[in-house]
Amino acid sequence: MTPVRIVFMGSPQPAVAVLDAVVEVATANGWAMVAAYTAPDKPEGRGRRLSSTPVRLRAEELGIPVCTPKRLTLLEEQERFRALNGDLVVLAAYGLLLPPPFLFEPRYGAVNVHPSLLPRHRGAAPVAAAILAGDTRTGVTIMAMNEGLDTGPLLASRDIPLVGDERTPALTERLFALGGEMLAEMLPRYVAGEVASRPQPEEGATYTARISKADGLIDWREPARMIERRVRAYDPWPGAAAVWEGRRVTITSAAVVPGEGDASPGEVWTRGEVVLVGTGNGALQLLRVKMEGRPEMDIAEFLRGRPAFSGARLEYR
């Protein structure tokens, strides 16, 4: 049998676990890793030095040729892809929609590791969406890709419980590690034609938009439990933030205090070193914060340096 030629597509750190799993499967079966597609290098930090994605760094360690196109719709990029003679595309958090040649021309098509239980939380930010919704379970779906937004046939899924203290970075890492384990089990059977696909149901489908910086601004009229979810869901970016004295104060850790409903939304008050903010339902206890341009600190330290914060009224959208 001719070795399967695999093209991997991914960018952030969590996708590295999937890349490693695919490489392990390829090595065990005598398949070939012909390319790794990832986002282009971008300037970061004060020096604006170019920074490569974790997937690029790992692929280069493994000796896999790397492609970093800005767009896949260009004809020259599609011709470059065809020249790879790939049999299977495996995608995990790549960041660009795939045009038809990438989806349908490889012998085994394209499969995607998606960190939610599809059809729930289709789209760009499924992990944050699960936290924001207060879901008690989430998981990983592997699907055969089509031209829709996460609408392809389901190949495998596995769920995990959520306890209500999850934050986006750690949960994302956990889910993609699980997706790598699932791929390691599934890919040989998939290539052998032993994995049955099933259409996604439309019932229960939800969509998540790409997160913007504005999404992080807190509306203190929301219930405290919703704001606390935002703190965990929008870690580390854009952060759940309030505006005080014209500066952005990001709340990096908080807790819900039920039954504290006397203060108006956005009003700050203290009980010793306990700092509370009024919301639309209950109060939010601030535990750690980061003021714009300053390091993160616990709330007691923050309050000692800024006593005027007690009694302040935080702006909201």
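**Notes on the predicted model**

1. G272 is a handy place to start: this glycine is exposed, at 62% relative accessible area. The residue sits in the loop that links β14 (268-271) to β15 (274-278). Keep in mind that this is a predicted model. If you want a sense of distance, pick G204 as the second point: 68 residues separate G272 and G204 along the chain, and their C-alpha atoms are 46 Å apart.

2. Now the overall picture. The C-alpha trace spans about 70 × 45 × 30 Å along its principal axes. The chain holds eight helices and 17 strands. Of its 317 residues, 50% are buried.

3. Next, the open sheet. Which order do its seven strands follow? Reading across, the order is β5-β2-β1-β6-β7-β9-β10, with mixed pairing. The edge positions go to β5 (66-67) and β10, and each of these has a single partner strand, so one side of each lacks a neighbour in the sheet.

4. Within that sheet, take a look at β1 (residues 5-10). The strand is mostly covered, with five of its six residues buried. Its pairing with β2 (residues 32-37) is parallel and runs over five bridges. Two positions fix the register for you: R5 is opposite A32, and V7 has A35 as its bridge partner.

5. Another set of strands worth tracing centres on β16 (residues 283-291). With β13 (residues 247-257), β16 pairs in the antiparallel sense over eight bridges, and I251 is matched with V289 there. The pairing of β15 with β16 is antiparallel too, over four bridges, with V275 across from L286. Then comes β17 (residues 297-298), which pairs with β16 antiparallel over two bridges. In that pairing V289 turns up again, this time opposite M297.

6. The turns on either side of β16 are good spots to check backbone torsions. Which glycine has a positive phi in the hairpin of β15 and β16? That is G282, near 85°, in a hairpin with four residues between the strands. In the hairpin of β16 and β17 there are five residues between the strands, and G293 in the turn has a positive phi of about 85°.

7. On to helix α6 (residues 168-191). Its 24 residues reach 33 Å from first C-alpha to last, close to the 34 Å expected at 1.5 Å a residue. Where does α6 bend? The bend is at E185, by about 35°, and a proline, P188, follows within four residues. Just past the end of α6, G193 has a positive phi of about 80°.

8. Salt bridges next: the whole structure has 19. One of them joins R58 to D20, with the closest N and O atoms 2.8 Å apart. R58 belongs to helix α2 (residues 54-62) and D20 to helix α1 (residues 13-29), so this pair ties together parts that lie 38 residues apart in sequence. Both ends are partly exposed: R58 has a relative accessible area of 26%, and D20 has 27%.

9. Two other salt bridges make a useful pair to view side by side. R221 bridges to D219, with closest N and O atoms 2.9 Å apart. Are its two ends buried or exposed? R221 is partly exposed at 46% relative accessibility, while D219 counts as buried because its 14% falls under the 20% cut-off. E222 bridges to R230, again with 2.9 Å between the closest N and O atoms, and here E222 and R230 are both buried. Elsewhere, salt bridges with shared partners link D20, R58 and E61 into one network.

10. Last, the surface. L97, L149 and Y207 make up a nonpolar patch there, with about 350 Å² of accessible area together. L149 sits in the loop between β9 (137-144) and β10 (154-161). That leucine is partly exposed, with a relative accessible area of 39%.

Methods
Residues are numbered from 1 along each chain as its sequence is written. This is a predicted model: local features need pLDDT of at least 70, side-chain atom pairs count only at pLDDT 80 or more; totals for chains, interfaces and linings use all residues. Side-chain values use heavy atoms; hydrogens and water are left out. A salt bridge is a side-chain nitrogen of Lys or Arg within 4 Å of a carboxyl oxygen of Asp or Glu. Buried means under 20% relative accessible area, exposed over 50%, partly exposed in between (1.4 Å probe, protein chains only). The expected span of a helix is 1.5 Å times one less than its number of residues. The bend at a residue is the angle between axes fitted to the seven residues ending there and the seven starting there. Patches are made of residues with over 30% relative accessible area and no salt bridge: like charges are joined within 9 Å, nonpolar side chains (Val, Leu, Ile, Met, Phe, Trp, Tyr) within 5 Å. Accessible areas come from the Shrake-Rupley method with a 1.4 Å probe; for residues, only the protein chains shown count as cover. Two strands pair if DSSP finds at least two bridges between them.
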